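Biologist: Got a minute to walk me through this one? I'd like to go through a few local features with you.

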Amino acid sequence: MTSLSALLAQQIRATLRAAGGWIGFDRFMRQALYAPGLGYYANDLRKFGAMPESGSDFVTAPELSPVFGAVLAGQVREALAATQTDDIWEFGAGSGALAAQVLGALGDGVRRYTIVDVSSSLRLRQQRTLAPFAGKVRWAQRLPERIEGVVLGNEVLDAMPVQLLQRTDGVWYERGVVLQGDGFAWSDRPTDLRPPVQVPGDHDYLTEIHSQAEGFVRTLARHLVRGAAFLIDYGFPEAEYYHPQRAQGTLVCHRAHQVDADPLADVGLKDITAHVNFTGIALAAQEAGLNVLGYTSQAHFLMNNGLLQKLELLPPVDKAPALKLMLEHEMGELFKVLALGPGPAWQPRGFAQGDRTHRL
């Protein structure tokens with residue numbers, strides 16, 4: 001593991017030298033996460049799991065409880081019927097657990113399940129997990145001209161590189177990375193970049209902007225000609241994201257189920273993530289021609305799709321992890337669901353109660 005991190009650090013140092021000694025954090029984050037064979041999502045280290053004893057770094061909803069995929073499958077079934085499609089596309093499929101849960105629940109209701117994932121090591125794990133569905137599952141390196149079907153993205157947007165903005169003594173800077181010995185250090189440069197809304201006050205303030213995630217949604221809009229997209233992630237609407245009191249931003253790292261705030265250390269050995277500005281994502285989608293079909297908390301979305309009824313059928317040992325999907329102090333409130341679609345607007349049942357589109 002140490003040699004992996006050392007090789008990646010060497011590669012980033014070469015990038016810095018070629019760039020004149022400074023790169024924006026988004027470029028650093030891209031290499032730290034996605035450098036072929038070395039970046040966190042491109043290497044062979046285990047990432048997903050419920051407990052640190054497994055060697056994992058964090059747990060996502062499908063690993064926490066298979067109920068997540070079973071409930072989401074109900075929403076997917078409705079969306080396939082409403083849009084008269086029978087294909088599913090999943091971006092960033094992780095261990096393949098969500099795909100297995102959805103395919104297991106929908107059966108013949110799905111003709112084909114396509115996974116788009118930049119990680120070759122995760123692709124191998126997905127292939128093992130999804131072996132029972134080998135006839136339906138395929139992997140794609142790029143998007144076709146037209147996507148017709150339901151798109152899923154669970155904890156995808158948060159892993160897309162972000163730019164860091166730092167306001168110091170009333171002046172905005174872009175925060176980047178420089179060399180410091182064999183390691184890395186922060187360095188701020190004046191910039192014309194700004195958060196999408198004015199942040200009240202004159203106190204020092206660190207935050208993120210999400211050009212790559214918004215660009216992803218615009219690209220998706222160009223290809224999604226019929227169907228719907230459900231994006232599930234942790235984040236806030238813009239007014240909460242750029243609240244004056246959120247002065248340290250949202251950027252964090254995950255390793256061995258612990259959180260730390262130093263993405264410049266141990267590159268390639270830990271996840272780097274930022275919360276999602278769902279207003280920015282929704283606006284980018286609308287500008288590219290998609291409709292916002294709904295926005296709400298994960299708890300509301302899952303309950304609207306029958307989570308409580310499924311909980312009643314679970315044995316006690318399985319209820320506790322499933323409850324974390326909806327409890328406010330666990331995943332229920334921090335995680336949100338944004339639904340997008342081309343063509344005539346319609347309301348998926350996941351947003352029948354508690355829709356918060358008006359708060360975006």
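Modeller: Sure, and keep in mind that this is a predicted model. One cut-off to start with: a residue is buried when its relative accessible area is under 20%.

Biologist: Okay, with that cut-off, how many of the ten residues of helix H5 are buried?
Modeller: H5 covers residues 97–106 and is largely enclosed by the rest of the structure. The buried set includes Ala 97, Leu 98 and Ala 99 at the start of the list, then Gln 101, Val 102, Leu 103 and Leu 106. So the count for H5 is seven of the ten.

Biologist: Which residue just after H5 takes a positive phi?
Modeller: Look right past the helix, where phi is about 55°. The residue there is Gly 107.

Biologist: Is Ser 121 buried or exposed?
Modeller: Ser 121 sits in helix H6, residues 120–129. Its relative accessible area is 13%, and the cut-off is under 20%. So Ser 121 is buried.

Biologist: Which residue has its backbone oxygen 2.7 Å from a polar atom of the Ser 121 side chain?
Modeller: Leaving out residues up to four places away in sequence, Ser 121 touches Tyr 41, Ala 42, Asn 43 and Asp 44. The backbone oxygen at 2.7 Å belongs to Asn 43.

Biologist: In strand S9, what is the bridge partner of Gln 163?
Modeller: Strand S6, residues 163–168, pairs with S9 in the antiparallel sense over five bridges. On S9, Tyr 205, Thr 207 and Ile 209 are buried on one side, with Leu 206 and Glu 208 buried on the other. The partner of Gln 163 is Ile 209.

Note on methods. Residues numbered from 1 in each chain as written. Predicted model: local features only at pLDDT ≥ 70, side-chain atom pairs only at ≥ 80, totals over all residues. Heavy atoms only, no water. Buried < 20%, exposed > 50% of the residue type's maximum accessible area, 1.4 Å probe, protein only. Helix = DSSP H or I, 4+ residues; strand = E, 2+ residues; numbered from the N terminus. Polar contact = N/O pair within 3.5 Å; in protein donor to acceptor, adjacent residues only side chain to side chain. Contact = heavy atoms within 4.5 Å. Pairing = 2+ DSSP bridges.
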